[in-house]
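Let's take a walk through a protein model, one piece at a time. Keep the picture open as you read, and look up each residue as it comes along.

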Amino acid sequence: MLMFPQERNVHQKIFGGYLMRLAHELGYAGAALFARAPVRFLALDGISFTRPVPIGSVLRLSGRVLHTHGKLVHVAVRAYTADIATGAEEVTNDFRFTFARPLDPLNANSMREVVPKTYTEAMLWLEGRRALEMGMEIRGLRGGGRE
């Protein structure tokens, strides 16, 4: 998508909150499609702003489900800017989200599982598993362990 000036910050770059919204929407869509059910946002597990996104640049978002556990879905979204002339892309942001599939007594199907096929996918799967485990531990310590 093209980045327009109405989403700029005081530094004349795209506002980070706007990028977070776009990433959240893609993460939600991916989690809901994978879970085959509506999901609810549970946590923003990680965010990195590696490079600013210039106004007028072409932004590409890529999302993938990394890991599932019970009714939890861990999703990674990566943002890239693309050079129109060369097609070269640079990573600008990484986002990690956890979503929860609501319990539905009428549809007791278990969550589908992610099965890595390559070494890279296996490393991402492990990263997603660690993030889910850490998130469950933190929410449990804070008394908000309603996964």
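Start with a turn: in the hairpin of E3 and E4, there are 6 residues between the strands, and Gly87 takes a positive phi near 80 degrees there. One thing to keep in mind throughout is that this is a predicted model.

**The sheet**

Now zoom out to the strands. How many strands form the open sheet, and in what order do they come? There are 4 strands, in the order E1-E4-E3-E2, and the pairing is antiparallel. E1 and E2 sit at the edges with a single partner strand each, so one side of each has no neighbour in the sheet. On average, neighbouring strands here are turned by 20 degrees against each other, direction ignored.

Let's look at the pairs inside that sheet. E3, which covers residues 72-82, pairs with E2 in the antiparallel sense over 11 bridges. On its other pairing, E3 runs antiparallel to E4, again over 11 bridges. You can pick out single residues along the way: Val58 stands opposite Ala82 in E3, and Arg60 has Tyr80 in E3 as its bridge partner. Going over to E4, you'll find Thr98 as the bridge partner of His74.

There's a hairpin between E2 and E3 as well. It has 2 residues between the strands, and Gly70 takes a positive phi near 60 degrees in it.

How covered is E3? Mostly: 9 of its 11 residues are buried.

**A helix across the strands**

Next, find helix H1, residues 16-35. H1 lies across E1, E2, E3 and E4, and runs at about 55 degrees to E4. Which residues have the most contacts inside the largest nonpolar core? They are Met3, Leu19, Leu59 and Val75, in a core of 23 residues. H1, E2, E3 and E4 each supply at least two residues of this core, and the largest share, 8 residues, comes from H1. As a general point, nonpolar side chains in soluble globular proteins tend to be buried together.

Leu59 is a nice residue to click on. Leaving aside neighbours within four places in sequence, Leu59 is in contact with Met1, Met3, Leu19, Leu22, Val53, Ala79, Tyr80, Thr81 and Thr92.

**Three buried residues**

Here are three residues to compare by eye, each with its relative accessibility.

| Residue | Relative accessibility | Counts as |
|---|---|---|
| Ser57 | 11% | buried |
| Ala32 | 16% | buried |
| Ala76 | 10% | buried |

Why does Ser57 count as buried? Its relative accessibility is 11%, and buried means under 20%.

Where is Ser57? Look in the loop between strand E1 (40-49) and strand E2 (58-69). Not counting neighbours within four places in sequence, Ser57 is in contact with Met1, Leu2, Met3 and Thr81.

Ala32 belongs to helix H1. Beyond residues up to four places away in sequence, Ala32 touches Ala37 and Val39. Try finding Arg130 from there: Ala32 and Arg130 are 98 residues apart in sequence, and their C-alpha atoms are 21 Å apart in space.

Ala76 is in strand E3. Setting aside residues up to four places away in sequence, Ala76 touches Ser62, Gly63, Arg64, Leu66, Phe95 and Arg96. Gly27 is 49 residues from Ala76 in sequence, yet the two are 7.1 Å apart in space, C-alpha to C-alpha.

**The largest pocket**

Last stop: empty space. Rolling a probe the size of a water molecule over the atoms shows where such space is left. What is the volume of the largest pocket? It comes to about 230 Å³. This pocket is lined by 13 residues, and the closest to its centre are Asp45, Ala131, Met134, Gly135 and Ile138. E1 and helix H2 (119-141) each supply at least two residues of the lining. H2 gives the largest share of that lining, 6 residues.

Terms used
Residues numbered from 1 in each chain as written. Predicted model: local features only at pLDDT ≥ 70, side-chain atom pairs only at ≥ 80, totals over all residues. Heavy atoms only, no water. Buried < 20%, exposed > 50% of the residue type's maximum accessible area, 1.4 Å probe, protein only. Contact = heavy atoms within 4.5 Å. Pairing = 2+ DSSP bridges. Axes fitted to C-alpha atoms, helices over the stretch in contact; angles between N-to-C directions. Core = buried A, V, L, I, M, F, W, Y, C linked by side-chain atoms within 4.5 Å. 1 Å grid on protein atoms, 1.4 Å probe; cavity = no way out; pocket = protein on both sides within 12 Å on 5 of 7 lines; lining within 4 Å. Points joined across faces, edges and corners; volume = space filled by probe spheres on them.
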